Amino acid sequence: MKNKVKLTICGGDYYITSDDDDMYMRMIGDEVDQRMNDMLSENSRVSTTMAAVLCALSYADDCHKANGTADNLRSQIKEYLEESQRARLEADEAKREVERLRRELQGLRLRLAELDDR
């Protein structure tokens, strides 16, 4: 369901339509408003448009870095899953080898018992 939310950013009202929750959209709007107001108060030569562009660049940078981190994490998870699968196969192979050796030992014990009975 689409939600229509009124956001006030740097004194301007913006109506946003989103699938996201109203509270989430307000939180995002408040964050952008705070960031832009911080930029404007830090430098009197920065216009609202410049603050918006700088804010957009900052968020784009954050987004690209977060995507890179997410890609790295996905790659690590894939490697861990592959290692886990290899370890599972090796463990299964080791169990089969233990069982084979157990049967061989049992056969040798029977043979030894037969030789002792003679």
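The side chains of Arg 100 and Glu 104 come together in a salt bridge, 2.9 Å from N to O. That is a good place to start in this predicted model, where a search of the whole structure turns up 10 salt bridges. Below is a friendly tour of some of these pairs, followed by a stop at Ser 18.

**Arg 100 and its partners in helix H2**
- Arg 100 and Glu 104 both sit in helix H2, 4 residues apart, or about one turn of the helix.
- Arg 100 has a relative accessible area of 36%, so this residue is partly exposed.
- Glu 104 is likewise partly exposed, because its relative accessible area is 40%.
- The pair does not stand alone: a network of salt bridges links Glu 97, Arg 100 and Glu 104.

**Arg 74 and Asp 71, also in helix H2**
- A salt bridge joins Arg 74 to Asp 71, and their closest N and O atoms are 2.5 Å apart.
- Arg 74 and Asp 71 are separated by about one helical turn because they lie 3 residues apart in helix H2, which covers residues 48–117.
- Arg 74 counts as exposed because its relative accessibility is 51%, and the cut-off for that class is over 50%.
- Asp 71, at 43% relative accessibility, counts as partly exposed.

**A link between distant parts of the chain**
- Asp 19 and Lys 2 meet through their side chains in a salt bridge, with an N to O distance of 3.6 Å.
- This pair connects distant parts of the chain, 17 residues apart: Asp 19 is in the loop between E2 and helix H1 (22–42), while Lys 2 is in the segment before strand E1 (3–9).
- Both Asp 19 and Lys 2 are exposed.
- As general background, side chains of opposite charge can pair when their charged atoms come close.

**Ser 18, next to Asp 19 in the numbering**
- Ser 18 belongs to strand E2, which spans residues 12–18.
- With a relative accessible area of 10%, Ser 18 is buried, because buried means under 20%.
- A polar atom of the Ser 18 side chain lies 2.9 Å from the backbone nitrogen of Asp 20.
- Setting aside neighbours within four places in sequence, Ser 18 is in contact with Met 1, Lys 2, Asn 3 and Met 25.
- Lys 2 therefore appears twice in this tour: Lys 2 is among the contacts of buried Ser 18, and Lys 2 is also the salt-bridge partner of Asp 19.

Conventions:
Residues numbered from 1 in each chain as written. Predicted model: local features only at pLDDT ≥ 70, side-chain atom pairs only at ≥ 80, totals over all residues. Heavy atoms only, no water. Helix = DSSP H or I, 4+ residues; strand = E, 2+ residues; numbered from the N terminus. Buried < 20%, exposed > 50% of the residue type's maximum accessible area, 1.4 Å probe, protein only. Polar contact = N/O pair within 3.5 Å; in protein donor to acceptor, adjacent residues only side chain to side chain. Contact = heavy atoms within 4.5 Å. Salt bridge = Lys/Arg side-chain N within 4 Å of Asp/Glu carboxyl O.
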